[in-house]
Amino acid sequence: MGKSNGSAYQGKINMNLVSIRIITGDIARLVDFYERVTGVQADWATEDFAELRTASGTLAIGSTRTVPLFAPGSARPADNHSVIIEFLVDDVDRVHQNLTGFVEDFVNEPTTLPWGNRSLLFRDPDGNLVNFFTPVTPAAIEKFAR
């Protein structure tokens, strides 16, 4: 893949990816889904916004009522066709067994991919792609060593 020839920023900028936010028409349903598949309890800021915090990042979930606060019409629920939300898990095969019967839309069964991760791809209730993966080759294990 191509490398950038430079940065849009001049000088050093401190930056850290903090969260990914999903906009949904049914926040209670989506928060419940993610609590169940991740085992992480959501922190609710308001009835329209909740966060599931992990050691390395946060999955934020906002209702459609939050969109106008940013810019009216700037985000639409259940309309993602390009982003995969990824979670590193200790044992993707065990997670798959635990989610069977709860997750309704598995895209694939656990599969070892060419870059060394064993991956389970499924859709959340809004159709967003979710990837739970476990590194299994020495290079992948080293890359994600905690």
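Okay, let's start with a lining: the residues around the largest pocket split into 16 nonpolar, six polar and three charged. Before I go on, keep in mind that this is a predicted model.

So, how big is the largest pocket? Its volume comes out at about 740 Å³. There are 25 residues lining the largest pocket, and the ones closest to its centre are Thr54, Ser56, Glu86, Phe87 and Leu88. If you want to find the walls on your screen, look for β1 at 19-24, α1 at 27-38, β4 at 58-63, β5 at 84-88 and β9 at 129-135, since each of those supplies at least two lining residues. Which of them gives the most? That's β5, with five residues.

Now the second largest pocket. Here the volume is about 200 Å³. Its lining has 13 residues, and Arg21, Ile22, Ile23, Asn80 and Asn128 are the closest to the centre. For this one, β1 brings the largest share of the lining, four residues. As for chemistry, we have eight nonpolar, two polar and three charged residues around the second largest pocket.

Right, on to the inside of the protein. The largest nonpolar core has 24 residues, and the ones touching the most other members are Tyr34, Leu59, Ile61, Leu99, Phe122 and Phe132. Several elements put two or more residues into this core: α1, β3 at 49-53, β4, β5, α3 at 92-99, β8 at 117-123 and β9. The top contributor to this core is α1, which gives six residues.

Let me zoom in on Leu59 for a second. What does Leu59 touch, once you skip its neighbours within four places in sequence? The list is Ile20, Ile22, Tyr34, Ala50, Glu51, Leu52, Ile85 and Phe87. You'll remember Phe87 as one of the residues closest to the centre of the largest pocket, and Ile22 as one of those closest to the centre of the second largest. Tyr34 came up too, in the group with the most contacts to other core members.

Last stop, Ser63, which sits in strand β4. Is Ser63 buried or exposed? Its relative accessible area is 3%, so Ser63 counts as buried, the cut-off being under 20%. And who's around it? Leaving out residues up to four places away in sequence, Ser63 touches Ile23, Thr24, Ile27 and Asp48. Ile23 is another one we've already met, as one of the residues closest to the centre of the second largest pocket.

That's my tour, thanks for listening!

Definitions and conventions:
Residues are numbered from 1 along each chain as its sequence is written. This is a predicted model: local features need pLDDT of at least 70, side-chain atom pairs count only at pLDDT 80 or more; totals for chains, interfaces and linings use all residues. Side-chain values use heavy atoms; hydrogens and water are left out. On a 1 Å grid over the protein atoms alone, a cavity is a set of points where a 1.4 Å probe fits but cannot get out, and a pocket is an open set with protein on both sides within 12 Å along at least five of seven lines; lining residues have an atom within 4 Å of a point. Grid points are joined across faces, edges and corners, and a volume is the space filled by probe spheres set on the points. Ala, Val, Leu, Ile, Met, Phe, Trp, Tyr, Cys and Pro count as nonpolar, Asp, Glu, Lys and Arg as charged, and the others, Gly among them, as polar. A nonpolar core is a set of buried Ala, Val, Leu, Ile, Met, Phe, Trp, Tyr and Cys residues joined through side-chain atoms within 4.5 Å. Buried means under 20% relative accessible area, exposed over 50%, partly exposed in between (1.4 Å probe, protein chains only). Contact means heavy atoms within 4.5 Å.
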